[in-house]
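The following exercises concern backbone geometry, sheet order and burial. Please study the sequence and the structure before reading the solutions.

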Amino acid sequence: MTDQYRLIGAPVAHSLSPVMHNYWFRSLEISAYYQADLVTRDELEQAVMQIRASGIKGFNVTFPHKKSILLLLDELSERARLIGAVNTVVCAGSRLIGYNTDGVGFLQGLFHHFPNLAQKQHLSVLMIGAGGAAYSVAQILSETIAERIDICNRTMEKAFHLSAACGASVLSDALTFAQAEQHLDQYQIVINTTSVGLMPEQDHLLIRLDHACRHTVFVDLIYQPRRTALLKEAERHGFPVLNGLSMLVYQGALAFQMWTQLVPDSRSMESYLENNYL
Ligand code: ATR
């Protein structure tokens, strides 16, 4: 019998998760199939009820359901509870257990591309955006390599909220875009977690990079397009850049391990997707 896995969200048509998981299933000779289902906000509850009854083994959750799904699950991992968002669900019989692999996936991808960062402990990070994705990334950075995490966001109130949620283990401030621009030389990593680059016609620079330091790493969680306005501008200045493809692959690999207890090949997946789909 072929085990079934799903991605639920809206939109999902652009997602590379089906290509990635089905490739891993084939290469590890697992009889399973992963499919993206368009599920709108109004349809979420019904979709989860159907999944419960269907015998599906697990699913991923993406925008806009990462928070709202929490109330529909039976159990949450410590990390999912802490972040307040779920991107991976394991179906254990009819019990649904929620996890969040986004933050750890982000960090593994970052360390894969910039191994020197894995040795650090006192980094200053600027995060642009304070939505769901920002919480996962801020959480893992505060546990590992960051000593300071500043947040700038269009809606300041949300920046204050995320700054407070970073906890006592790091210093954290909410900044305006203008303040962030002026102090850009203080940060070793700048991460765009907003959705601004998703639509090429709406993409624009949220901060100017004139004050950035030569070694600052610029990261965007978006992988399509391959280079957002931020990453293009950072490249133009000669700064090291990373898009969201590695996060996609590493968070997916962690979900895959939870579902199958097998470790898929993340490194070759990243270059496969980069060469064939971006
Ligand atoms: P996700 O779960 O992917 O993080 P989200 O929770 O909707 O999605 O968050 C989207 C982020 O992109 C927010 O930080 C949002 O800023 P606001 O909090 O002010 O809404 C940011 N964002 C989206 N469109 C933007 C725009 N045109 N300019 C600036 N920020 C924008």
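Four exercises with worked solutions follow.

The model is predicted: local features need pLDDT of at least 70, side-chain atom pairs count only at pLDDT 80 or more, and totals for chains, interfaces and linings use all residues. Residues are numbered from 1 along each chain as its sequence is written, and side-chain values use heavy atoms, with hydrogens and water left out.

**Exercise 1.** Determine the strand order of the open sheet and identify the strands at its edges.

Solution. Helices (H or I, at least four residues) and strands (E, at least two) are taken as DSSP runs, numbered from the N terminus. Two strands pair if DSSP finds at least two bridges between them. On this basis, six strands form an open sheet with mixed pairing, ordered β2-β1-β3-β5-β6-β4. The edges are occupied by β2 (32-38) and β4 (75-76); each has a single partner strand, so one side of each is left without a neighbour in the sheet. Within the sheet, β5 (residues 88-92) and β6 (residues 95-99) run antiparallel and are joined by five bridges. One of the residues to locate is A92, whose bridge partner in β6 is R95.

**Exercise 2.** Describe how helix α1 is placed relative to β1, β2 and β3.

Solution. Helix α1 (residues 17-27) lies across β1 (3-9), β2 and β3 (58-61). Contact means heavy atoms within 4.5 Å. Axes are lines fitted to C-alpha atoms, for helices over the stretch in contact, and angles run from 0 to 180 degrees between N-to-C directions. By this convention, α1 runs at about 170° to β2.

**Exercise 3.** Locate the cis peptide bonds at P11 and P225, and the positive phi values of E29 and Q261.

Solution. Most residues other than glycine have a negative phi, and most peptide bonds are trans. The bond from A10 to P11 is cis, with omega near 5°, and P11 is in the loop between β1 and α1. Q224 and P225 are likewise joined by a cis bond, with omega about 10°; P225 lies in the loop between β11 (217-220) and α8 (229-236).

E29, in the loop between α1 and β2, has a positive phi of about 55°. Its relative accessibility is 75%, so E29 counts as exposed (over 50%; buried is under 20%, partly exposed in between, with a 1.4 Å probe and protein chains only). Q261 has a positive phi of about 60° and is in the loop between α9 (245-260) and α10 (266-277).

**Exercise 4.** Is helix α5 largely enclosed or largely open?

Solution. Nine of the 12 residues of α5 are buried, so the helix is largely enclosed by the rest of the structure. Among them are Y135, V137, I140 and L141.
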